[in-house]
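Okay, thanks for squeezing me in. I'd like to walk you through how the inside of this protein is put together, so have a look at the structure while I talk.

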Amino acid sequence: MSAPSSTGTGPGLARLNSLPRPELVKKLLACLDVQRWANEIADNRPYESDTRLYEVADRAAAELSESEIHSALAAHPRIGQRSTGNETSASWSRREQSGVDADDTKLAVELAEANEEYERRFGHVYLVCASGRSGPELLEILRSRLDNDPVTELRVVADELRKIARLRLARVIEA
């Protein structure tokens, strides 16, 4: 999953470059709830292109520590559970999980059981970049990851956080 391939300096990027730092950091924390990551992106402004912005974001996300990963996970609901609230992150989460049919009770039960098994095994919520994926696909991915060892799974989670951050960062530029 990659961000738009724009190398331009459109109005969205100009707006991002000109936002007051506290406002930008707040928007960035909705993308990935890691203060160091948000600070690094804010501190490297101005960006001459979207490509450069994504490079900085990816580099900062590649350096996520275990504690940053766990902190970021706290901002994400379980797959199959709708985020509540009006904050940006909750709204984006609902949009990203829109492929999960809320009326499919069999799938809801299977997801709940698999989420519980995953959390017992790894000690944190199952996280996957859900955008564009169906509920059955998300369940299949969850089950396949149960065979990972904890170190491998943490690397997978970090990469999923990076993918989600990229998608959400594109929304910040588009806003």
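I'll go through the core, then two helices, one histidine and a cavity. Keep in mind that this is a predicted model.

Let's start in the middle. The largest nonpolar core is made of 53 residues. If you want landmarks, L28, L32, W37, I41, L53, I69 and L161 are the ones with the most contacts inside it. Lots of helices chip in: α1, α2, α3, α4, α5, α7, α8 and α9 each supply at least two residues. The top contributor is α9, which gives 11 residues. As a general point, nonpolar side chains in soluble globular proteins tend to be buried together.

Zoom in on L53 for a second. Leaving out residues up to four places away in sequence, L53 touches L13, L16, I41, Y47, L169 and I173.

Now, the helices. Take α8, residues 135-145. Its buried residues are G135, L138, L139, I141, L142 and R145. They span an arc of only 160 degrees around the axis, so they sit on the same side of α8. That buried set packs against α7 and α9. Flip to the face turned away from the buried side and you find P136 and E140, both exposed.

α5, at 66-73, can be read in a similar way. Here the buried residues are E68, I69, A72 and L73. Looking down the axis of α5, they fall within an arc of 140 degrees, so they line one face of the helix. The cover over them includes α3 and α9, while E66 and S67 are exposed on the other side. If you want the background, an α-helix has 3.6 residues a turn, so residues three or four places apart point the same way.

Next, a histidine: is H76 buried or exposed? H76 is in the loop between α5 and α6. Its relative accessibility is 12%, and the cut-off for buried is under 20%, so H76 counts as buried. Beyond residues up to four places away in sequence, H76 touches V125, L127, L161, I164 and R168.

Last thing, empty space. Searching the whole structure turns up 2 cavities of 30 Å³ or more. The second largest cavity holds about 30 Å³. It has 10 lining residues, with L29, A30, D33, A75 and R168 nearest its centre. α2 gives the most to that lining, with 3 residues. By class, the lining has 6 nonpolar, 2 polar and 2 charged residues.

That's my tour, so over to you.

Methods:
Residues numbered from 1 in each chain as written. Predicted model: local features only at pLDDT ≥ 70, side-chain atom pairs only at ≥ 80, totals over all residues. Heavy atoms only, no water. Core = buried A, V, L, I, M, F, W, Y, C linked by side-chain atoms within 4.5 Å. Buried < 20%, exposed > 50% of the residue type's maximum accessible area, 1.4 Å probe, protein only. Helix = DSSP H or I, 4+ residues; strand = E, 2+ residues; numbered from the N terminus. Contact = heavy atoms within 4.5 Å. Arc of directions from axis to C-beta. 1 Å grid on protein atoms, 1.4 Å probe; cavity = no way out; pocket = protein on both sides within 12 Å on 5 of 7 lines; lining within 4 Å. Points joined across faces, edges and corners; volume = space filled by probe spheres on them. Nonpolar A, V, L, I, M, F, W, Y, C, P; charged D, E, K, R; others polar.
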